[in-house]
Amino acid sequence: MRPINDLIQKRLFMASMIVTVIFGLLFFRLWTLQVVARDEYVNLSNNNRIRTVTTSAPRGNIYDRSGLLLANNLPTLAVTVDYQEINNEEMLAELAKILNMKLAAVRERVNDKKYAPFYPRIVKQGISKETASYIKENSSNLPGVDITTNFYRNYPKLSLAPHVIGYIGEISQEELAFSEALTHTSGDLIGKSGIEGEYEEILCGTKGIKQFEIDRTGSITHMLDEREPVAGNHVQLTIDSALQSATESSLKSAVMAARANGYPDANGGAAIVLNPNNGEILALASYPTYDQTLFVRGMTSREWESLNAKGSGYPLFNRAVMASYAPASVFKPVTYVAGLSDGVVSAKDSFLCEGTWLGMGEMWPKNCWRKEGHGETGFTAGLKDSCDVVFYEVGYRLYKRGGERLQHWSRKFGFGKATGVDLPSEVIGRVPDRKWKKETHEDLEEQKWLPGDTVNLAIGQGDLLTSPLQVADLYAAIANDGLIWKPHVVSKVFTPEGDEIRTAKRKKLADIDISKDVLDGLKKGLVSVIKEGTASNAFAGFPVPVAGKTGTSEVKGRDDFAWFACFAPVNNPKYVVVVMVEEGGHGGSIAAPAARRILSTAFNVSSVGPVSVSDDSR
């Protein structure tokens, strides 16, 4: 019998061990739930018991510098369905008949995944008062159906300054994660570009909150908290609506004129009007443009694809700030200042232009835009005629001087870095130098910085890239004796009650030390460009003294890009104007007339001048 007792004892021992292990695991699990994960499960319990629903706040208005309304909100009646009734097929069918909608469309709206749980589903917006009254009167047959007042974005000055104001759209999942601090939820409309995007935190306001407790069936037992939404703050821009309108129409006319003059690929451009005395942007246009209301009413996928298709010219792209180009001859004032300030040339020097420059040897000839040459010409006269030979020579002397002095002066004027304008996605452009070239090219031969690189840079070509806004800052610096104020488009922020809470202050971007003699010579040269130089045809008879420079940049495989930059009046500058037309041909024939038309509006000159003139200079 002994072996049997041993077997029983062994089995009892095993059974007690199994029971001990099972109770140990149960105890460990109980300890984990009640101690380690207590807070987590308490939160889950609360979340299951407490529900929070948010309501959007009216978005702040946007005004121009004179108080003209550019963007606001208009109330609209909307039909909503409570989340508890989204599967009530009988009610949905009745509602579809009342709203003259297909039942499938109603189902799609109430089951839209963009809505947060327990949030009322918007079935239709913009219903009539009669329809709203009918739904109210028949509420007993429409359980869970309600009428609410929503707001939609309105742009009273249709499509004016869309690249400054921007547009709104539904928040993406990436933006939702990034904007958590702003208490956005799925389905919210937020600013996507321009001021709407850059000042989203100021414009969006504070959402209203309704917090209530529910029972296990999902029914509301009582309200825990309720806070009304707080409207967003208003923003006043530096934009002058009349000047903005003239700038947009002048830019469009310049693009059309370029096409008519034999440049069929002229499809885009930018124009800026800047106050050099404080950095205020008075007008900013980019072409092609777009209609902001497309985003308000809800864009179809086809319309979105069309806006982003290659053939559209990318109208959402703000070319004044987000794009960079070779500036060509509008950059020559930088070379002018660098050459005189560093002493590699004097204002009295003269140069012989025979159409070709052989300063680096006959193996590396460089051509002037004027094939027959300008003959014997002085330094300042070289600016007037935009003589490339003069600036090749100065660039070469700066190269031999060493120390990358032309790059040094370029950066002083703000090239190669952002201006800090309060608009999104600004490019920094590029000032090419030895370090950049070495890091950019893989081939050892291509990595070497050559004399020709500096010579190309001297006429604003080669690898130099700038935005139209950076060019505007260059001419603001010249107009303002070396001082550049940070450009901006917002002047004030104030509450819905009208209390001013923020005023833009001038912020110094750079104060370049340039001798008075150099500045006087440069201004004299730029005035001669208008009076008898490459822009004289465009500004013939213009009554206000203007100082400016034409530019025609060469891009491999594409037609020339037309540039013009100027400031006026010369002795008391109030306006800096820059116009650029992609593949528009010559700056003097296309961009300069557009600038004249803009200045005509600025100075209230009756004769706006020609849309285009004949000028083959660069």
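## Loops, a Sheet and Two Cores

Pro569 is located in the loop between strand 22 and strand 23. Helices and strands here are DSSP runs numbered from the N terminus, helices being H or I runs of at least four residues and strands E runs of at least two. This is a predicted model, in which local features need pLDDT of at least 70 and side-chain atom pairs count only at pLDDT 80 or more, whereas totals for chains, interfaces and linings use all residues. Residues are numbered from 1 along each chain as its sequence is written, and side-chain values use heavy atoms, with hydrogens and water left out.

The bond that leads into Pro569 deserves notice. Ala568 and Pro569 are joined by a cis peptide bond, with omega at about -15 degrees. Another cis bond runs from Tyr287 to Pro288, where omega is near 0 degrees; Pro288 belongs to the loop between strand 12 and helix 11 (293-296). Most peptide bonds are trans, and most residues other than glycine have a negative phi.

Phi is positive at two further loop positions. Ala328, in the loop between helix 13 (319-322) and helix 14 (332-341), has a positive phi of about 55 degrees although it is not a glycine. For Glu404, phi is near 50 degrees, and this residue is found in the loop between helix 16 (388-401) and helix 17 (405-412). Residues are called buried under 20% relative accessible area, exposed over 50% and partly exposed in between, for a 1.4 Å probe and protein chains only. Ala328, at 1% relative accessibility, is buried, while Glu404, at 22%, is partly exposed.

The sheet comes next. Its 5 strands form an open arrangement in the order 12-11-23-22-21, with antiparallel pairing; two strands pair if DSSP finds at least two bridges between them. Strand 12 (281-287) and strand 21 (547-553) each have a single partner strand and stand at the edges, so one side of each is left without a neighbour in the sheet. Within the sheet, strand 11 (residues 269-274) and strand 23 (residues 575-581) run antiparallel and are joined by 6 bridges. Ile272 stands opposite Val578 in strand 23.

Helix 22 lies across strand 21 and strand 22 (561-568), and runs at about 70 degrees to strand 21. Axes are lines fitted to C-alpha atoms, for helices over the stretch in contact, and angles run from 0 to 180 degrees between N-to-C directions. Helix 22 (residues 516-531) also packs with helix 21 at an angle of about 120 degrees, their axes being 10 Å apart. The two helices are therefore oblique to each other, given that angles under 35 degrees count as roughly parallel, over 145 as roughly antiparallel, 65 to 115 as roughly perpendicular and the rest as oblique. Tyr475, Ile478 and Ala479 in helix 21 meet Leu519, Leu522, Lys523 and Leu526 in helix 22, where contact means heavy atoms within 4.5 Å.

Tyr475 leads on to the interior. The largest nonpolar core has 92 residues, of which Ile195, Leu237, Phe379, Phe413 and Tyr475 touch the most other members. Such a core is a set of buried Ala, Val, Leu, Ile, Met, Phe, Trp, Tyr and Cys residues joined through side-chain atoms within 4.5 Å. Helix 21 (residues 468-479) contributes the largest share of this core, 9 residues. Apart from it lies another core, of 40 residues, including Val255, Ala285, Ala538 and Ala594.
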